[in-house]
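Work through the exercises below with the sequence and the 3D structure at hand. Each task is followed by a solution in steps.

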Amino acid sequence: MERENYQLSSKCKLHPENDIFTDQEEHKIYIDRHEWRCGYCKKSFREEKFLDQHFDSRHYNFLNLSHGKCLGDLCGALHCDAVMNFKSSRSKCNPAAAARNRHLCENLADNCFPISEGPSAGRLHELFLHQFCDAHTCSGKHKPFSRGGKDQSSFFRLAAGALILVLLPVFYLFLYLVQSDVKSRTQELRRISKAGWKSKPS
């Protein structure tokens, strides 16, 4: 969307203004791995889930209840299970659920990227269908996020594996050189020690 310089319409369910939790999400302050801070009252929490519970109990009044919706309702269309690894890839596919999710996905594409709005909207519409909607089938031919997404994580795993393969021989070579150096110094000390004993007067 940034590359196409495209702005979502407020009619799109994915528009930030339509998210019931927008204000709360904007008041989450990430400090480090073990600290999250509430932007309303500055209270700190060890995990994000505890901050969410705090929002539910203390700052419920900041929810966008007027016309906001929970984006979790769109998870079926957007393959949240694939991102969060909630379901096994071996789980049996339900054709009715796949058809329902595909219909919801196509409606999202039509509302968020109407082809009538021009070439940019048309390209984004096609990309959205390819990335999300085409995978709603039981044939197994299409995978979600086929242009990027989870493929990036596999690339990083491959790069990390290659780096380890390169660094392991260097590490063992370093150990070998250190051990051989220690060994040679030990032998030299023994020779000096023996020479010292021999040179002592009887």
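The exercises that follow concern a predicted model.

**Exercise 1. The sheet**

Determine the strand order of the open sheet and the sense of its pairing, and state which strands are at the edges.

Solution.
- Step 1. The sheet is open and has 3 strands in the order S1-S2-S3, with antiparallel pairing.
- Step 2. Strand S1 (28-32) and strand S3 (44-45) each pair on one side only, which makes these two the edge strands.
- Step 3. S1 and S2 run antiparallel and are joined by 4 bridges; a hairpin connects S1 to S2 through 2 residues.
- Step 4. Strand S2 (residues 35-38) pairs with S3 over 2 bridges, again in the antiparallel sense.

**Exercise 2. Bridge partners of one residue**

Find the bridge partners of tryptophan 36 in S1 and S3.

Solution.
- Step 1. Towards S1, tryptophan 36 of S2 is the bridge partner of tyrosine 30.
- Step 2. Towards S3, the bridge partner of tryptophan 36 is phenylalanine 45.

**Exercise 3. A helix across the sheet and an aromatic pair**

Describe how helix H2 lies relative to the strands, then classify the ring pair of tyrosine 40 and phenylalanine 55.

Solution.
- Step 1. Helix H2 (residues 48-58) lies across S1, S2 and S3, and runs at about 20 degrees to S2.
- Step 2. The structure holds 7 aromatic pairs.
- Step 3. For tyrosine 40 and phenylalanine 55, the ring centres are 5.7 Å apart and the planes stand at 75 degrees, so the pair is edge-to-face.
- Step 4. Tyrosine 40 is in the loop between S2 and S3 and phenylalanine 55 is in helix H2, so the pair ties together parts 15 residues apart in sequence.
- Step 5. Phenylalanine 55 has 0% relative accessibility and therefore counts as buried.

**Exercise 4. A second ring pair**

Is phenylalanine 171 buried or partly exposed, and what geometry does its pair with tyrosine 172 have?

Solution.
- Step 1. The rings of phenylalanine 171 and tyrosine 172 are 5.7 Å apart centre to centre, with 65 degrees between the planes, and the pair is edge-to-face.
- Step 2. Phenylalanine 171, at 46% relative accessibility, counts as partly exposed.
- Step 3. Tyrosine 172 has a relative accessible area of 53% and is exposed, the cut-off for exposed being over 50%.

**Exercise 5. Helix H5**

Check the span of helix H5 against the expected value and locate its buried residues around the axis.

Solution.
- Step 1. Helix H5 (residues 95-112) has 18 residues, which should span 26 Å at 1.5 Å a residue; the end C-alpha atoms are 25 Å apart, and this agrees.
- Step 2. Buried in H5 are Ala97, Ala98, Asn101, Cys105, Leu108, Ala109 and Cys112.
- Step 3. Viewed down the axis of H5, these buried residues fall within an arc of 110 degrees, so they line one face of the helix.
- Step 4. Pro95, Arg100 and His103 are exposed on the face of H5 turned away from the buried side.
- Step 5. Helix H3 (75-78) and helix H6 (119-131) are what the buried residues of H5 pack against.

**Exercise 6. Helix H6**

Repeat the analysis for H6, and name the helices against which its buried residues pack.

Solution.
- Step 1. The 13 residues of H6 reach 18 Å from the first C-alpha to the last, close to the 18 Å expected at 1.5 Å a residue.
- Step 2. Ser120, Ala121, Leu124, His125, Phe128 and Gln131 are the buried residues of H6.
- Step 3. Down the axis of H6 they fall within an arc of 140 degrees, so they line one face of the helix.
- Step 4. Pro119 and Glu126 are exposed on the other side of H6.
- Step 5. The buried residues of H6 pack against H3 and H5.
- Step 6. Phe128 also belongs to a cluster in which ring pairs link Tyr6, Phe113, Phe128 and Phe132.

**Exercise 7. Surroundings of two residues**

Place methionine 1 and histidine 59 in the model, and list their contacts beyond four places in sequence.

Solution.
- Step 1. Methionine 1 is in the segment before helix H1 (22-26), and is partly exposed, with a relative accessible area of 42%.
- Step 2. Outside the excluded neighbours, methionine 1 contacts Tyr6, Leu8, Phe113 and Leu124.
- Step 3. The C-alpha atoms of methionine 1 and arginine 123 are separated by 9.9 Å, although these residues are 122 residues apart along the chain.
- Step 4. Histidine 59 is in the loop between H2 and H3; at 10% relative accessibility it counts as buried.
- Step 5. With the same exclusion of neighbours within four places, histidine 59 contacts Gln24, Cys38, Tyr40, Cys41 and His54.

Notes: Residues numbered from 1 in each chain as written. Predicted model: local features only at pLDDT ≥ 70, side-chain atom pairs only at ≥ 80, totals over all residues. Heavy atoms only, no water. Pairing = 2+ DSSP bridges. Contact = heavy atoms within 4.5 Å. Axes fitted to C-alpha atoms, helices over the stretch in contact; angles between N-to-C directions. Buried < 20%, exposed > 50% of the residue type's maximum accessible area, 1.4 Å probe, protein only. Phe/Tyr/Trp six-rings, centres within 6.5 Å; stacked < 30°, edge-to-face > 60°. Expected span 1.5 Å × (residues − 1). Arc of directions from axis to C-beta.
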